[in-house]
Structure formats: structure tokens, C-alpha cells
Amino acid sequence: MPALNDLALTVEEPEPDRFHWILLEALDSGEAEVLDYRVYRRAARAEASYSNALVMGVAELQKISAARPSDPDA
């Protein structure tokens, strides 16, 4: 599982009024000025608005955070 600070959240609208959140995982490209990402998780269903999709994506990040051990050495 990637570190939380290696994740980015974005929202896309592949069809009008159908918004999907996507969690992206940062990959080490070897270049300091370039960030490469791959899809880590994505919404299973569309939301009716950008803001709803964003809220659902944040909720997914919170689930990931809550599932992590509180001890950083664990």
C-alpha cells in the first residue's frame, strides 16, 4: 500500500454529468521535476456532480488512512 503522501485525488467527467473520483499513486520517475502517476483506485459508480465525486474520493482516502496502523514503524 502506498504512503498517503504518494496519493493524489482527481475527478473526471467521461460523460456529461457523470463524475468519477480516481486515486493516483505517485511513481518514482528518477527525475526530480517529473511526477508520474498510475491509477491506484477508482470509483465503482458515477456521481451526479463534481463535488459529490470529490467528497466520495476524500472518503476513500479517509478509509485508507483509518486502515493503516497508528504506529509508523508497524
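**Close-up views of the predicted model**

**View 1. D28 and a negative surface patch.** D28 is placed in the loop between β2 (18-27) and β3. The model shown here, as in every view below, is predicted. D28 is exposed because its relative accessible area is 75% and the cut-off for exposed is over 50%. Which residues form the negative surface patch with D28? They are E31, E33 and D36.

**View 2. Overview of the protein chain.** Read from the N terminus, the order of elements is β-β-β-α, which amounts to one helix and three strands. Of the 74 residues in the protein chain, 24% are buried. Among contacts with a separation of 6 or more, 46% are between residues 24 or more positions apart. The protein chain has an accessible surface of about 5300 Å². Carbon and sulfur atoms account for 49% of that surface.

**View 3. The salt bridge between R42 and E12.** The model has six salt bridges, and one of them joins R42 to E12, with 3.9 Å between the closest N and O atoms. This pair ties together distant parts of the chain, as R42 belongs to strand β3 and E12 to strand β1 (residues 7-15), 30 residues apart. Are the two partners buried, partly exposed or exposed? R42 has a relative accessibility of 47% and is therefore partly exposed. E12, at 33%, is also classed as partly exposed.

**View 4. The salt bridge between E15 and R18.** The closest N and O atoms of E15 and R18 are 3.9 Å apart, and the pair forms a salt bridge. E15 is partly exposed, with 46% relative accessibility. R18 has a relative accessible area of 40%, so R18 too is partly exposed. R18 also appears in the next two views, as a contact of A46 and of E47.

**View 5. A46 in the loop before the helix.** A46 is located in the loop between β3 (36-42) and α1. Its relative accessibility is 15%, and A46 is buried because this value is under 20%. Which residues does A46 touch beyond its neighbours within four places in sequence? The contacts are R18, F19 and H20. A further residue to mark in this view is E13: A46 and E13 are separated by 33 residues in sequence, while their C-alpha atoms are 8.9 Å apart.

**View 6. E47 and its surroundings.** E47 is likewise found in the loop between β3 and α1. With a relative accessible area of 13%, E47 is buried. Neighbours within four places in sequence aside, E47 makes contact with D17, R18, F19, N52, A53 and M56. N52, A53 and M56 have numbers that fall within helix α1 (residues 50-67).

**View 7. E60 and a network of salt bridges.** E60 is part of helix α1 (residues 50-67). Why does E60 count as buried or exposed? E60 is buried, because its relative accessible area is 14%, which is under the cut-off of 20%. When neighbours within four places in sequence are left out, E60 contacts W21, L23 and R41. The side chain of E60 also meets that of K63 in a salt bridge, at 3.8 Å from N to O. Both residues of this bridge lie in helix α1, three residues apart, which is about one turn of the helix. The two ends of the bridge fall into separate classes: E60 is buried at 14%, whereas K63 is exposed, with a relative accessible area of 55%. R41 joins E60 and K63 in a network of salt bridges.

**View 8. L61 and L9.** L61 lies in helix α1. At 23% relative accessibility, L61 is partly exposed, because the value is not under the 20% needed for buried. How many residues separate L61 and L9 along the chain? They are 52 residues apart, and the distance between their C-alpha atoms is 8.5 Å.

Note on methods: Residues numbered from 1 in each chain as written. Predicted model: local features only at pLDDT ≥ 70, side-chain atom pairs only at ≥ 80, totals over all residues. Heavy atoms only, no water. Helix = DSSP H or I, 4+ residues; strand = E, 2+ residues; numbered from the N terminus. Buried < 20%, exposed > 50% of the residue type's maximum accessible area, 1.4 Å probe, protein only. Contact = heavy atoms within 4.5 Å. Salt bridge = Lys/Arg side-chain N within 4 Å of Asp/Glu carboxyl O. Patch = residues over 30% accessible without salt bridge, like charges linked within 9 Å, V, L, I, M, F, W, Y side chains within 5 Å. Areas by Shrake-Rupley, 256 points an atom, 1.4 Å probe, with all protein chains shown as cover. Lys, Arg positive; Asp, Glu negative; His and termini not counted. Charge placed at Lys NZ, Arg CZ, Asp CG, Glu CD.
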